[in-house]
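Trainee: I'm new to this one, and I'd like to know what stands behind the words people use for it. Can we go through it together?

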Amino acid sequence: MAAPPDPRYEKSVMVLRDELRSRFAAVLPVVAIVLPHVAADGRIALRRAGAGAALRALGPSSVLQIPGCGPSAFARLGQIAGKLPAFALEVGPDLGAVAAAVREAIVAGRSS
């Protein structure tokens, strides 16, 4: 169930009850990197992005916000970004279309 919105945070928190956890996979392969961005015009679009764009999106938040991360973690992210296909995803209010675009990225990642 979702916790009531907290104005101090931009994101909502979802609490999974024990009885719901069995519906989720314990492990999934990472097949693509998706870089979401809110579209100014509200349209949903998925396009290929380069490894550099993926690393620029992943690096700062991962390395700077996680205690103990440093140059070796950034290097590992660079390796991952170089191996996986990356996609820029412009998102809008149509959540069904956003989910379809994410599915498209997953299918493309699996076939790469």
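Trainee: What is L55 in contact with, once its neighbours within four places in sequence are left aside?
Mentor: This is a predicted model, and in it L55 is in contact with P60, F74, L77, G78 and A81. The word "contact" is used because heavy atoms lie within 4.5 Å.

Trainee: And what makes the set around I33, L35 and A49 a nonpolar core?
Mentor: The label needs buried residues of certain kinds, Ala, Val, Leu and Ile among them, joined through side-chain atoms within 4.5 Å. The largest such core has 11 residues: I33, L35, A49, A54, L55, V63, L77, A81, L84, A86 and A88. At least two residues each come from β1, α2 (51-65), α3 (71-83) and β3. The most come from α2, with 3 residues. Apart from this core lies another, of 5 residues, including V31, A32, F87 and A108.

Trainee: Why would such side chains gather at all?
Mentor: In soluble globular proteins, nonpolar side chains tend to be buried together.

Trainee: How do you know that β1 and β3 pair?
Mentor: Two strands pair if at least two bridges are found between them. Here 6 bridges join β1 to β3 (residues 86-91), and the two run parallel, so the pairing holds. You can spot it in V34, which stands opposite F87 in β3, and in L35, which stands opposite A88 in β3.

Trainee: And what about β2 and β3, parallel or antiparallel?
Mentor: Antiparallel, with 5 bridges joining them. R48 stands opposite F87 in β3.

Trainee: Why is the sheet called open and mixed, and what is its strand order?
Mentor: The order is β1-β3-β2, in a sheet of 3 strands. β1 (33-38) and β2 (45-49) each have a single partner strand, so they stand at the edges, with one side of each left without a neighbour in the sheet. "Mixed" fits because β1 and β3 run parallel, while β2 and β3 run antiparallel, and the pairing is counted by bridges. On average, neighbouring strands of this sheet are turned by 25° against each other, direction ignored.

Trainee: Which helix packs on the sheet, and which strands does it touch?
Mentor: That's α4 (residues 95-111), touching β1, β2 and β3. Its direction makes about 175° with that of β3.

Trainee: What makes β3 "mostly covered"?
Mentor: Buried means under 20% relative accessible area, and 5 of the 6 residues of β3 are buried. Across the 112 residues of the protein chain, 24% count as buried.

Trainee: Why is the pair D41 and R43 called a salt bridge?
Mentor: The cut-off is 4 Å between the nitrogen and the carboxyl oxygen. The closest N and O atoms of D41 and R43 are 2.8 Å apart, so the name applies. A search of the whole structure finds 1 salt bridge. Side chains of opposite charge can pair when their charged atoms come close.

Trainee: How exposed are its two partners, D41 and R43?
Mentor: R43 has a relative accessible area of 61%, so it is exposed, since exposed means over 50%. D41 is at 48%, so it counts as partly exposed.

Trainee: What pattern does the protein chain follow along the sequence?
Mentor: It reads α-β-β-α-α-β-α, with 4 helices and 3 strands.

Methods:
Residues are numbered from 1 along each chain as its sequence is written. This is a predicted model: local features need pLDDT of at least 70, side-chain atom pairs count only at pLDDT 80 or more; totals for chains, interfaces and linings use all residues. Side-chain values use heavy atoms; hydrogens and water are left out. Axes are lines fitted to C-alpha atoms, for helices over the stretch in contact, and angles run from 0 to 180 degrees between N-to-C directions. Buried means under 20% relative accessible area, exposed over 50%, partly exposed in between (1.4 Å probe, protein chains only). A salt bridge is a side-chain nitrogen of Lys or Arg within 4 Å of a carboxyl oxygen of Asp or Glu.
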